[in-house]
Structure formats: structure tokens, C-alpha cells
Amino acid sequence: LPACWGRLLRSLQGAPPGSMSWITPGLRPDNKSTAHKAREHGFQLSSRVAPLPEYNAMFDVHLRQLWMNPKIKAGMQSAGFLDEQGRAVDVDAHRRKLYVIEQELAQADCVERHRAME
């Protein structure tokens with residue numbers, strides 16, 4: 001293990017219960033002053049949780065030259081990220097379609113088995 005991991009493990013093992021041991025160790029020790037503790041407990045942020053914007057590397061203008069490379073393009077096509085014309089495929093939508101088809105085939109198979117039993 002790297003030396004920093006050893007320090008991390010030693011600091012977690014000696015942490016008293018109720019201390020700030022859940023925070024990344026080594027930042028600073030717990031406050032001894034009651035005034036500082038009260039000030040920390042009264043600290044409020046006005047920020048809100050917001051989702052990160054969705055990033056799609058296939059449409060990143062800075063990666064356009066990478067996607068034009070014939071070897072990369074061939075690998076992307078064989079992996080199913082590009083169609084035969086070289087256009088990007090929405091993999092999630094494709095997976096949803098395949099799931100629906102799979103469910104329909106399973107249902108048709110079940111119906112066929114019941115017909116065969118009758």
C-alpha cells in the first residue's frame with residue numbers, strides 16, 4: 001500500500017467515537033473551542049442540489065477528430081455505437097427496444113407452450 005494509505009488507516013483506527021472520523025482524515029483536527037464548534041454547527045449553505053448536465057462524448061466538438069479516425073470508427077461500429085451509415089446510435093433507446101422485443105418473444109413462447117399443452 002502507498003504511504004498515504006497507511007496514514008489513512010492509522011488515523012481511522014485511532015478516531016474516537018463521535019468525532020469527525022467520517023470526514024476525510026488529515027484535513028484538520030476537531031475543534032476544541034466551544035465557540036468554534038457552535039460556529040461550525042450554525043453554518044448553512046444556500047446552495048441546492050442540482051443534476052449535472054448530461055455529457056455525450058459522441059457529440060463533443062473537441063473530440064470530433066477522434067471519432068473521424070477510421071480505426072476508432074470501425075471499433076465503434078462493431079461495438080454498436082454507430083450504425084451502418086456512421087451515425088451515432090442512442091444506446092439506451094436501443095436497449096429499451098430490445099427489452100420490449102425480448103418480453104414479447106417470451107410472452108409468445110409462453111402462449112405457444114400453453115397451446116401445445118391443450
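How many helices and how many strands make up the secondary structure of the protein chain? In this predicted model, the count comes to five helices and zero strands. Followed along the sequence, the pattern reads α-α-α-α-α.

A look at the whole chain helps to set the scene. Of its 118 residues, 7% count as buried. The accessible surface amounts to about 11200 Å², and carbon and sulfur atoms contribute 59% of that surface. Among the contacts with a separation of 6 or more, 8% are between residues 24 or more positions apart.

Helix H2, which spans residues 34–41, is a good place to begin the tour. This helix is hardly covered, with zero buried residues among its eight. The N-terminal end of H2 is capped by Ser33, which places a side-chain oxygen 3.3 Å from the backbone nitrogen of Ala35.

Two aspartates in loops come next. Asp60 sits in the loop between H2 and helix H3 (64–68). Asp60 is buried but has no salt bridge, and the nearest side chain of opposite charge, that of Arg64, is 7.9 Å away. A salt bridge would require a distance within 4 Å. Asp60 does have a polar partner in the backbone: a polar atom of its side chain lies 3.0 Å from the backbone nitrogen of His62.

The second aspartate, Asp83, belongs to the loop between helix H4 (70–79) and helix H5 (91–117). Its relative accessible area is 17%, so Asp83 counts as buried, the cut-off being under 20%. The side chain of Asp83 reaches the backbone nitrogen of Arg87 at 2.7 Å. Leaving aside residues up to four places away in sequence, Asp83 touches Gln77 and Val89.

Helix H5 brings the tour to the surface. His94 lies in this helix and is partly exposed, with a relative accessible area of 42%. Although His94 and Phe81 are 13 residues apart along the chain, their C-alpha atoms are separated by 10.0 Å. Leu98 is also found in H5, and a relative accessible area of 46% makes this leucine partly exposed. Together with Ile101 and Leu105, Leu98 forms a nonpolar surface patch of about 300 Å². The spacing of such residues can be read against a general rule: an α-helix has 3.6 residues a turn, so residues three or four places apart point the same way.

Note on methods: Residues numbered from 1 in each chain as written. Predicted model: local features only at pLDDT ≥ 70, side-chain atom pairs only at ≥ 80, totals over all residues. Heavy atoms only, no water. Buried < 20%, exposed > 50% of the residue type's maximum accessible area, 1.4 Å probe, protein only. Helix = DSSP H or I, 4+ residues; strand = E, 2+ residues; numbered from the N terminus. Polar contact = N/O pair within 3.5 Å; in protein donor to acceptor, adjacent residues only side chain to side chain. Contact = heavy atoms within 4.5 Å. Patch = residues over 30% accessible without salt bridge, like charges linked within 9 Å, V, L, I, M, F, W, Y side chains within 5 Å. Areas by Shrake-Rupley, 256 points an atom, 1.4 Å probe, with all protein chains shown as cover. Lys, Arg positive; Asp, Glu negative; His and termini not counted.
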